[in-house]
Amino acid sequence: MGRLTDNIKLDTTEMRAAYCEALIDEAKKNKNIVVVDADVSHSVGTEPFYREFPERSINCGIMEAHAIGMSAGMSETGLVPFFHAFGVFATRRAFDQIFLSCAYQKLNVKIIGADPGVTAATNGGTHMPFEDIGLMRLVPGAVIIEPADVTMYKSAVSYMANNYGVHYLRTSRRKTMRIYEDGAEFVIGKANKLADGKDVCIIASGIMVYEALKAADILSEKGISARVLDMHTIKPLDTEAVQAAAKECGAIVTAENHNVTGGLGSAVCEALSEGTPVPAERVGVKESFGEVGTQDFLQKRFGLTADGIVAAALKCISRK
Amino acid sequence: MDKKTTMKAAADIRKLCIEELAAAGYGHIGGSMSICDILAVLYTDILDIDPKNPKKPDRDYLVLSKGHCGPALYATLAYKGYFDKEQLKTLNQGGTSLPSHCDRLKTTGIDISTGSLGQGLSLGTGVAMGKKIQGIPGRVFVIVGDGELQEGQNWEAVQFIAHKGLSNIVIIVDNNRRQLDGYTKDICQTFDYKAKFESFGLHTFVADGHNVTDIYDKLTTAIKTGPAAVIMNTEKGHGCKFSEIPGFNHYMVISKEMADEAIAEVDRRLEASYGQID
């Protein structure tokens, strides 16, 4: 399991650099890995792969639908394509291609959606996916991963490279808070317990993991013991961890950089209602489109903050 | 190629397809009939395939992007021995291995699932790229409908094929000039497809899609020239009177009596064609 670093602070390594390094490591072991881009290789950070493996790098230009379909066709011949685009275009724009060209025919395509939610920042509403997890959850068999920091890539990319199927990874491409110590390893499909507690459990993914840890500290000052789970795999959801949290904490707060409809909060609440129904509150975007701003501004704008999680936790505990 | 043999194959495929659709009682007769001669040439004279080893990696691939015409391809696969001809009578029945639209997971010999129009060409392009990157022999033939070319994704794929100079893929357009709601010219203006493909940088040929010799000549030339498209001029519903109507023939109810009459018609026409060759 991944262990917390002693000193959580903004990383010196960009997420995209860590991703590409992990992908190159896998590609050195597996000659079938290919990179497919749709004119954002510079943005998503795959350029080092092009230098290392030019014969295995394909930039299609601005044609996500074709790029996804072509990736599916390549996988039929044994290749393992990793397709990259901004999350909105990687999923929403090419949804039918993901659904029918990839998943319906059980082909082997890896989809990387950059700039999830508010991390799209000043690219604004057109580029800000609050719905990508919801869409991908509807694709039968798809795996959905959202890493919290750079250390998680090794496990995530290794899983994607070595397991067959349609996998979606949503990720910020810039520097993010370093949560885990070097060498931390993760099991895809198993939540990572970052703090134990008995009064409430905060289940978070991506950038919200850091906010969840801060919220737990604030709650601790109020005498409330909060468990924190990094639910880096949204599908398949670690329902065992959710049921255990429900039984042992009796109140659940989810925190996601996504619409609360269809995302992590929905997935957790579905698991709770079918297993151990306890009060739950969902922190996330509610019935809104994205807009421009810094990530900090947008996190406050949409309530994606430690304070937002604390408020939700207090409300949730009061409903016990 | 032996013209008579391929013409006989086309007639046999057409008859199997009519029987198959009649067993279901209905189906996509128009677009299925228009591609029977093209399929006969591909499966008799062009494709490097082995019905006993349908997944051999170095095979030629056939992607029927206009997936609703699966019944014609199923008839062809049964004719080639991929599965028993009796199986054709299960078309569209619950639990069948022959669903209305092509499904690679259900039907032996189907390389790629299709049905959402506009996606097959990208899938075929991916197979061609995969073969090229890994040095795997074999070519890819993708059949698209002329109505289907209204889907923009096709033109993304054509740009890509031209830019990469992909020479192991051939686009085949079933130019039957009609789509579900009527004539393409009335729904969204038809284009000079030859000029359009050429403007993208593809070598483009035009064939009579019901003349097996012309189909064979243009396909074999296209394979040698590099990125290529062949426009097959066809008639929707071609081959039997009941489906060669100017009205709606995309999808028709087909009785046993209609099928029997149509099959006799196919035989009569084949005999007449032999006479013209002789």
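## Exercises on a two-chain model

In helix 5 of chain B, the buried residues (under 20% relative accessible area, 1.4 Å probe, protein chains only) are B:Gly120, B:Leu121, B:Ser122, B:Leu123, B:Gly124, B:Thr125, B:Gly126, B:Val127, B:Ala128, B:Met129, B:Gly130 and B:Lys131. The model is predicted, with local features needing pLDDT of at least 70 and side-chain atom pairs pLDDT 80 or more, while totals for chains, interfaces and linings use all residues. Residues are numbered from 1 along each chain as its sequence is written, chains are lettered from A in the order in which they are written, and side-chain values use heavy atoms, without hydrogens and water.

**Exercise 1.** Describe the span and enclosure of helix 5 of chain B.

*Solution.* Helices are DSSP runs (H or I, at least four residues), numbered from the N terminus. Helix 5 covers residues 120-134 of chain B, and its 15 residues reach 21 Å from first C-alpha to last. That is close to the expected 21 Å (1.5 Å times one less than the number of residues). Because 12 of the 15 residues are buried, the helix is largely enclosed by the rest of the structure. B:Gly135 follows the helix, with a positive phi near 65 degrees.

**Exercise 2.** Characterise the interface of chain A and chain B.

*Solution.* Start with contacts (heavy atoms within 4.5 Å): 26 residues of chain A meet 26 residues of chain B. A:His66, A:Glu76 and A:Gln105 supply 28% of the area that chain A buries against chain B (accessible area, 1.4 Å probe, lost on being put together). Next, count the salt bridges (Lys or Arg side-chain nitrogen within 4 Å of an Asp or Glu carboxyl oxygen): there are two between the chains. B:Arg104 forms a salt bridge with A:Glu76, their closest N and O atoms being 2.5 Å apart.

How values were computed
Buried area = accessible area lost by both parts, 1.4 Å probe. Helix = DSSP H or I, 4+ residues; strand = E, 2+ residues; numbered from the N terminus. Buried < 20%, exposed > 50% of the residue type's maximum accessible area, 1.4 Å probe, protein only.
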